[in-house]
Amino acid sequence: MTPFDLFGRVAVVTGGNGGIGLGMAKGLAAAGAAVAVAARNAEKGEAAAAMLAASGTRSAFVAFDVADEGSCRAMIEETVARFGRLDILINNAGTSIRKPPESYTATEWHSVLDTNLTGALFCSQAAYPAIKQAGGGKIINIGSMYSIFGTSYGAAYAASKGALVQLTKSLAIA
């Protein structure tokens, strides 16, 4: 068995329909995992899943809203129903609103934190029982260098990613 052999494993990548998320989905597929691409944008999500399937990967698009707890649970349930198990969750879905911190509205601030931080918690909570039932697995939260350095035009993003680092540590300890 090679170190990156994921044959027989099932992964969910939130925000896996483009950018870094799609890159991770391709990497998981190349290592042999079945991949659920979980995202809001159905057109991009279906295209990403089709691209993975064209390379021989068992894949599916699962529509969901990362900021909605019930949607996160339904996404995990649909993934397990389609693939029979869940071994890997990559919390990649994210957003940013680039503007000076004094310009954020409460709605904008909460939108970024709900997507980048709270969504990762909701998905992790939903995935935990399925991963445990599969005999263990991995939850991978995608951070940012802004979790350490901060940024003048992305305070909500930096705060959400800094908090995500601490959430990751807390989940690992638990």
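## An enclosed cavity

Welcome to this predicted model. Its largest cavity is lined by T14, V66, N91, N92, A93, T115, N116, G119, A120 and L164. The volume of this largest cavity is about 40 Å³. If you count cavities of 30 Å³ or more, you arrive at one.

Which helix gives the most to the lining of the largest cavity? Look at α4, which runs through residues 106-133 and supplies four of the lining residues.

## N141 and its partners

A good next stop is N141, a residue of strand β5 (residues 138-141). Is N141 buried or exposed? Buried means under 20% relative accessible area, so N141, with a relative accessibility of 14%, counts as buried.

The side chain of N141 has polar partners. One is the side chain of N91, with a polar contact of 2.7 Å. Another is the side chain of T168, joined to that of N141 by a polar contact of 2.8 Å. Setting aside neighbours within four places in sequence, the residues in contact with N141 are N91, A120, S124, L164, T168 and L171. Three of these names may sound familiar: N91, A120 and L164 are also among the residues that line the largest cavity.

## Helix α2, end to end

Now turn to helix α2, which covers residues 42-54. How far apart should the ends of this helix be? The helix has 13 residues, and at 1.5 Å a residue it should span 18 Å; the C-alpha atoms at its ends are 18 Å apart, so the two values agree.

Both ends of α2 have something to show. At the N-terminal end, N41 acts as a cap, with a side-chain oxygen placed 3.1 Å from the backbone nitrogen of E43. Beyond the helix comes G56, which has a positive phi, near 95 degrees.

## The two sides of α2

Which residues of α2 are buried? They are G45, A48, A49 and L52. These four lie on the same side of α2, because the arc they cover around the axis is only 95 degrees. On the other side of the helix you will find E43 and A54, which are exposed. E43 thus appears twice on this tour: its backbone nitrogen is also the one that N41 caps.

What do the buried residues of α2 pack against? Their partners are helix α1 (19-30) and the strands β2 (34-39) and β3 (59-63).

Note on methods:
Residues numbered from 1 in each chain as written. Predicted model: local features only at pLDDT ≥ 70, side-chain atom pairs only at ≥ 80, totals over all residues. Heavy atoms only, no water. Helix = DSSP H or I, 4+ residues; strand = E, 2+ residues; numbered from the N terminus. Expected span 1.5 Å × (residues − 1). Buried < 20%, exposed > 50% of the residue type's maximum accessible area, 1.4 Å probe, protein only. Arc of directions from axis to C-beta. Contact = heavy atoms within 4.5 Å. Polar contact = N/O pair within 3.5 Å; in protein donor to acceptor, adjacent residues only side chain to side chain. 1 Å grid on protein atoms, 1.4 Å probe; cavity = no way out; pocket = protein on both sides within 12 Å on 5 of 7 lines; lining within 4 Å. Points joined across faces, edges and corners; volume = space filled by probe spheres on them.
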